[in-house]
Amino acid sequence: MAKTIFEIQSEGRKGYTLPKNDVKINNCIPKKFQRAQDIKLPQVSELDVMRHFIELSQMNHCIEKGFYPLGSCTMKYNPKLNETLARNSAFNDLHPFQSENTTQGALEIMYELQNDLAEISGFADVTLQPVAGAHGEFTGLKVIKAYHEANGNSHKNKIILPDSAHGTNPASVILAGFKVVEIKSNNKGLVDIEDLKVHVDENTAGFMLTNPNTLGLFETQIDEIAEIIHSVDGLMYMDGANFNAIMGIVKPGEIGFDIMHFNLHKTFATPHGGGGPGSGPIGVREDLVKFLPAPMINKKDDKYFLDYSHEDTSLGKVHPFFGNFAVNFRAYIYIKMLGAEGLERVSENAVINANYIQKKLEKYYDIPFKDQYCMHEFVASGVWQKEKYDIKTLDIAKRILDKGYHAPTIYFPLIVHEAMMIEPTETESKETLDEFINAMIEIAKECEENPELLKNAPLNTPVKRVDDTLAVRQLNVKFEL
Ligand SMILES: Cc1ncc(COP(=O)(O)O)c(C=O)c1O
């Protein structure tokens with residue numbers, strides 16, 4: 001473990017040179033607000049501080065340090081040029097209350113991004129306001145609510161989703177004021193149409209489907225599902241968080257979906273938002289545009305403006321101002337740099353990379369749906385290792401850390417026992433994929449030859465095996481001197 005900065009300090013050591021204080025504190029700060037004792041700061045040199053923080057930064061894993069196959073999270077590399085441009089003060093120093101005359105460039109970027117996302121997804125229009133994927137889900141579900149209420153169908157209170165759904169889906173359904181109805185996946189890992197038919201009725205407000213789904217499989221029965229849902233005037237919602245697999249290849253708005261959210265961080269290389277400071281735009285079909293949060297960005301006579309014209313029908317704002325501009329800006333650059341062909345290549349490579357690993361590992365790990373091609377990710381399972389050697393998937397994941405990688409997502413999706421969800425993304429070379437494959441094969445052999453090694457892993461990381469249960473029960477995140 002690295003030492004804390006207080007443990008490396010030495011009495012009297014300094015890391016700064018400040019001019020002598022010539023402010024008469026007594027004249028400007030009332031006595032009662034003045035500090036009675038000196039603050040306890042670490043006494044360290046500038047070099048001590050640099051070494052300390054560099055050491056800490058290297059204890060964490062990041063995509064710049066190594067392969068990060070965390071399924072469902074799409075840890076794709078964020079091009080540094082986009083970061084540099086997004087920090088440009090011409091955009092960074094804008095204030096959202098500035099007049100439109102002085103923000104034409106920023107408005108143009110938002111307008112173009114709305115249109116590009118609409119074009120890529122096949123929807124009539126897009127709002128950039130939601131600030132995370134789950135926030136997009138919530139906004140989309142509120143659009144569904146507004147649609148049914150406008151049609152006098154307030155009784156429609158059920159959203160149907162499959163048991164493979166991402167955890168945020170049912171949570172958003174509840175937050176938006178609907179009931180969750182879960183249906184089964186069939187033995188191919190896709191929506192079980194017969195089970196869907198049993199649950200659809202006149203109270204069905206909509207169907208929510210992740211496509212590709214969380215098993216890494218493309219849901220092929222959209223036509224049939226859309227027909228069933230539309231026959232009761234329900235709306236088809238697509239969780240488009242996994243859009244990285246189908247960009248430039250499938251337009252969800254043209255195959256039966258009515259609403260979709262994007263996860264810009266999972267598709268258009270913006271930083272991961274940790275549930276908030278990201279971006280989750282939604283696209284909708286023509287007759288639903290009037291329900292989107294106001295304002296939209298529009299253009300008249302070569303001038304861009306904030307368009308509040310649908311405010312009467314809009315479901316209201318879901319975020320202050322116009323969404324996370326700096327995040328959206330990065331996505332705009334990504335799209336413009338790659339163009340239509342480039343985006344398609346991204347998806348093709350993401351899918352090829354995942355299939356390559358899946359194929360190479362199928363002899364060593366159980367892969368429940370290996371008779372189908374996967375999309376940008378696949379789900380392997382540690383059941384063979386559990387049954388034969390009493391090794392849990394958690395042990396395998398910890399051993400992967402020893403090999404210098406971030407572990408895949410484990411125990412999700414819930415419908416696969418001992419799940420390991422592997423998503424390489426398009427940015428990795430064949431050499432990196434091969435090294436990872438070899439490491440996974442080595443681990444499979446270690447399970448057989450030296451199971452104790454796995455049970456004690458990780459051995460090479462700064463923090464060794466932690467007691468997860470104790471950490472949850474006695475959570476203590478405060479450092480005390
Ligand atoms: C399929 C799916 N849906 C929804 C989400 C939620 O997105 P966010 O974390 O941006 O809220 C994710 C996140 O990874 C996801 O993978």
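Angles under 35 degrees between two helix axes count as roughly parallel, over 145 as roughly antiparallel, 65 to 115 as roughly perpendicular, and the rest as oblique. With that in mind, the reader can turn to the structure above, which is a predicted model, and begin with a pair of helices to which this scale applies.

Helix H5, formed by residues 104-121, packs against helix H11, formed by residues 325-361, at an angle of about 50°, and their axes lie 9 Å apart. H5 and H11 are therefore oblique to each other, and H5 passes H11 in a left-handed crossing. On the side of H5 the contact is made by Ala-106, Ile-109, Met-110, Glu-112, Leu-113, Asp-116 and Ile-120, which meet Phe-325, Asn-328, Phe-329, Ala-331, Tyr-332, Ile-335 and Leu-343 in H11. The residues of this contact divide into 11 nonpolar, 1 polar and 2 charged.

Another pair of helices is found further along the chain, where helix H13 (residues 393-402) and helix H14 (residues 430-449) pack at an angle of about 130°, with 10 Å between their axes. H13 and H14 are therefore also oblique to each other, but here H13 passes H14 in a right-handed crossing. Ile-396, Arg-399 and Ile-400 are the residues in H13 that meet Ala-439, Ile-443 and Glu-446 in H14, and the residues of this contact divide into 4 nonpolar, no polar and 2 charged.

From the helix pairs we turn to the sheet. It is an open sheet of 7 strands, arranged in the order S1-S7-S6-S5-S4-S2-S3, and its pairing is mixed. Its edges are strand S1 (125-127) and strand S3 (179-183), each of which pairs on one side only, while neighbouring strands of the sheet are turned by 25° against each other on average, direction ignored. Within this order, strand S5 (residues 235-240) and strand S6 (residues 259-262) run parallel and are joined by 4 bridges, and Tyr-237 stands opposite Ile-259 in S6. Helix H6, which covers residues 133-150, lies across strand S2 (158-162), strand S4 (204-210), S5, S6 and strand S7 (282-284), and runs at about 165° to S6.

The last part of the picture is the ligand and its surroundings. There are 18 residues around the ligand, and those that come nearest are Ala-132, Gly-133, Ala-134, His-166 and Ala-241; Gly-133 and Ala-134 fall within the residue range of H6. The shell around the ligand divides into 4 nonpolar, 12 polar and 2 charged residues.

Conventions: Residues are numbered from 1 along each chain as its sequence is written. This is a predicted model: local features need pLDDT of at least 70, side-chain atom pairs count only at pLDDT 80 or more; totals for chains, interfaces and linings use all residues. A residue is near a molecule or strand if its C-beta atom, placed from the backbone, lies within 6 Å of it. Ala, Val, Leu, Ile, Met, Phe, Trp, Tyr, Cys and Pro count as nonpolar, Asp, Glu, Lys and Arg as charged, and the others, Gly among them, as polar. Two strands pair if DSSP finds at least two bridges between them. Helices (H or I, at least four residues) and strands (E, at least two) are DSSP runs, numbered from the N terminus. Axes are lines fitted to C-alpha atoms, for helices over the stretch in contact, and angles run from 0 to 180 degrees between N-to-C directions. Two residues are in contact if their C-beta atoms, placed from the backbone, lie within 7 Å. A crossing is left-handed if the near helix is turned anticlockwise from the far one by less than a right angle, and right-handed if clockwise.
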